[in-house]
Amino acid sequence: MSNLDVPYKIYLDESEIPSSWYNVRADMKEKPAPLINPATHKKLRVEDMTPIFCTELAKQELDDDTAWFEIPTEIQDFYRMYRPSPLTHAVFLEKALDTPAHIFYKFEGNNTSGSHKLNSAIAQAYYAKKQGLRGVTTETGAGQWGTALSMACAFFGIECKVYMVKVSYEQKLFRREVMRTYGASVTPSPSMETKIGQKINAEHPGTTGSLGCAISEAVEVATSTEGYRYVLGSVLNQVLLHQSVIGLETKKACEKYGIKPDIIIGCAGGGSNLGGLISPFMGEKLRGEADYRIIAVEPKSCPSLTRGRYVYDFCDTGMVTPMAKMYTLGHDYIPSPNHAGGLRYHGMSPILSKLYDDGYMEATSVEQTSVFQAAEQFARTEGILPAPESSHAIRAAIDEALKCKETGEEKTIIFGLTGTGYFDMTAYESYNDGTMVDYIPTDEELEASFAKIPKIDL
């Protein structure tokens with residue numbers, strides 16, 4: 001593609017917002033391994049999940065065969081507040097890199113939550129309201145998911161209890177205050193308010209927490225509070241389903257202007273952004289209609305795909321959630337507190353884990369100092385201060401574009417810009433002051449965590 005005659009920003013019409021979510025599992029010949037009940041080690045049923053999750057969300061979670069789920073009118077109406085989001089041609093970044101590559105990014109930060117998380121938060125809050133629940137509990141790491149869910153719960157008039165990873169609670173006080181502004185209660189995790197939190201604090205004195213810890217606390221409160229259920233911002237099949245609006249809009253914009261991506265890149269923590277971005281493209285790949293190089297980018301300090309084990313493991317540190325077969329560092333793994341770039345979850349979406357294991361996508365890991373170097377270069381050229389999570393994808397996109405510069409290849413790269421970084425200035429300060437360090441776990445540290453993964457014989 002020698003010349004791309006496209007606008008700088010590609011906006012779809014409001015009528016082109018997807019009216020259905022796409023379930024990539026329907027096109028997977030080999031499905032992800034089923035969730036299993038940790039007590040019986042048997043395949044999870046809807047009735048096993050409903051004490052924890054909303055009934056409709058439990059059905060979506062376990063449905064491997066329905067390709068399209070109609071988006072309820074109330075959710076479509078909410079989407080119109082900030083969707084469709086733009087697909088932007090990064091012409092200024094291309095110029096700075098002096099690359100023949102064409103770089104595009106799908107920007108999901110055009111809403112108050114500042115990220116793509118609102119796409120699923122509004123869906124989960126809607127189903128909780130429809131079921132007549134009083135409220136929901138959840139965990140949040142960097143705070144994007146907690147912010148999005150607090151907004152969604154406020155919209156539907158239900159309560160929201162957020163357990164925020166302690167290191168983020170202390171570093172990102174403004175994100176915390178946005179949640180409280182929207183009516184959520186926010187508790188640093190692990191706390192002393194729950195039995196699981198007390199146990200984790202006793203076993204790991206002074207711990208700065210992890211998403212696995214926060215999930216455990218949120219599930220305990222949800223299952224012990226009348227009229228409450230638990231909701232999750234990543235990892236689960238239902239979340240990737242809701243996030244497919246990202247990829248569907250991206251594909252529509254590409255078709256509108258004849259853009260054929262060669263490489264699609266997304267940051268990968270639990271998998272919500274990456275899974276949503278690639279879903280319709282992966283569907284084409286699975287059906288043999290097209291081929292793309294798809295790259296998951298994760299931090300070297302929490303490298304579940306690149307250094308983890310593909311086994312059944314708990315989704316939380318307290319071992320109270322269903323067990324998933326996924327790439328995992330072990331449910332007891334807690335990233336280093338100096339890791340400032342988000343993506344702190346110990347495992348990876350079962351869907352993405354299966355696709356990766358089957359060779360449909362690849363993965364790479366990057367050091368956080370190089371991530372923030374890419375973030376600042378992007379901010380100075382494209383005018384958007386990116387979230388640290390998104391900046392992992394920016395790092396890989398820049399690296400691929402520089403490879404094109406070396407070879408002279410004119411490839412088209414699309415990456416997901418999950419949101420903005422305006423509440424992440426402590427991390428940027430650390431980078432700018434030169435105090436940020438790169439932490440990479442040793443093989444011995446990972447082996448100690450792997451040793452605590454339960455042995456499941458199915």
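**Backbone oddities**

D98 counts as exposed, with a relative accessibility of 52%. The cut-off for that word is over 50%, and this is a predicted model. You'll find D98 in the loop between α4 (91-97) and β5 (102-107). Its phi is near 55°, a positive value in a residue other than glycine. Most residues other than glycine have a negative phi, and most peptide bonds are trans. H41 is another one to look at: phi is positive here too, at about 60°, and H41 is not a glycine. H41 sits in the loop between β2 and α1 and counts as partly exposed, at 33% relative accessibility.

Then there are the cis peptide bonds. One joins R83 and P84, with omega at about 0°, and P84 belongs to the loop between α3 (73-79) and β4 (87-89). Another joins S189 and P190, where omega is about 5°. P190 is in the loop between β8 (185-189) and α9 (195-203).

**The open sheet**

Seven strands make up an open sheet: 7 strands in the order β1-β4-β5-β15-β10-β11-β14, with mixed pairing. β1 (9-10) and β14 (362-366) are the edge strands, and each has a single partner strand, so one side of each has no neighbour in the sheet.

Strand β10 (residues 263-267) has 5 of its 5 residues buried, so the rest of the structure largely encloses it. I263, I265 and C267 point one way from β10, while I264 and G266 point the other way. β10 pairs with β11 in the parallel sense over 5 bridges, and C267 stands opposite V297 in β11. Moving on to the edge, β11 (residues 293-299) is joined to β14 by 5 bridges, and these two strands also run parallel. There, E298 has S365 in β14 as its bridge partner.

**A helix with a buried face**

In helix α2 (residues 55-62), the buried residues are L57, A58, Q60 and E61. Looking down the axis of α2, you'd see them fall within an arc of 160°, so they line one face of the helix. The cover over those buried residues includes β2 (20-22), α1 (46-49), β3 (68-70), α5 (118-130) and α11 (237-242).

**Cavities inside**

The model has 4 cavities of 30 Å³ or more, and the largest holds about 440 Å³ of space. Its lining takes in 34 residues, with K117, A142, L211, L343 and E389 lying nearest the centre. Sorted by class, that lining has 12 nonpolar, 17 polar and 5 charged residues. β6 (135-140), α6 (144-156), α7 (166-171), α10 (211-224) and α13 (272-287) each supply at least two residues of the lining.

**Two residues to compare**

A148 is found in helix α6 and is buried, with a relative accessible area of 0%. Leaving out residues up to four places away in sequence, A148 touches S113, K117, L118 and A121. From A148 to A67 is 81 residues in sequence and 26 Å in space, C-alpha to C-alpha.

K455 is a different matter: at 69% relative accessibility, K455 counts as exposed, and it is found in the segment after α19 (443-450). K455 and L286 are 169 residues apart along the chain, and their C-alpha atoms are separated by 31 Å.

Technical notes:
Residues numbered from 1 in each chain as written. Predicted model: local features only at pLDDT ≥ 70, side-chain atom pairs only at ≥ 80, totals over all residues. Heavy atoms only, no water. 1 Å grid on protein atoms, 1.4 Å probe; cavity = no way out; pocket = protein on both sides within 12 Å on 5 of 7 lines; lining within 4 Å. Points joined across faces, edges and corners; volume = space filled by probe spheres on them. Helix = DSSP H or I, 4+ residues; strand = E, 2+ residues; numbered from the N terminus. Nonpolar A, V, L, I, M, F, W, Y, C, P; charged D, E, K, R; others polar. Pairing = 2+ DSSP bridges. Buried < 20%, exposed > 50% of the residue type's maximum accessible area, 1.4 Å probe, protein only. Arc of directions from axis to C-beta. Contact = heavy atoms within 4.5 Å.
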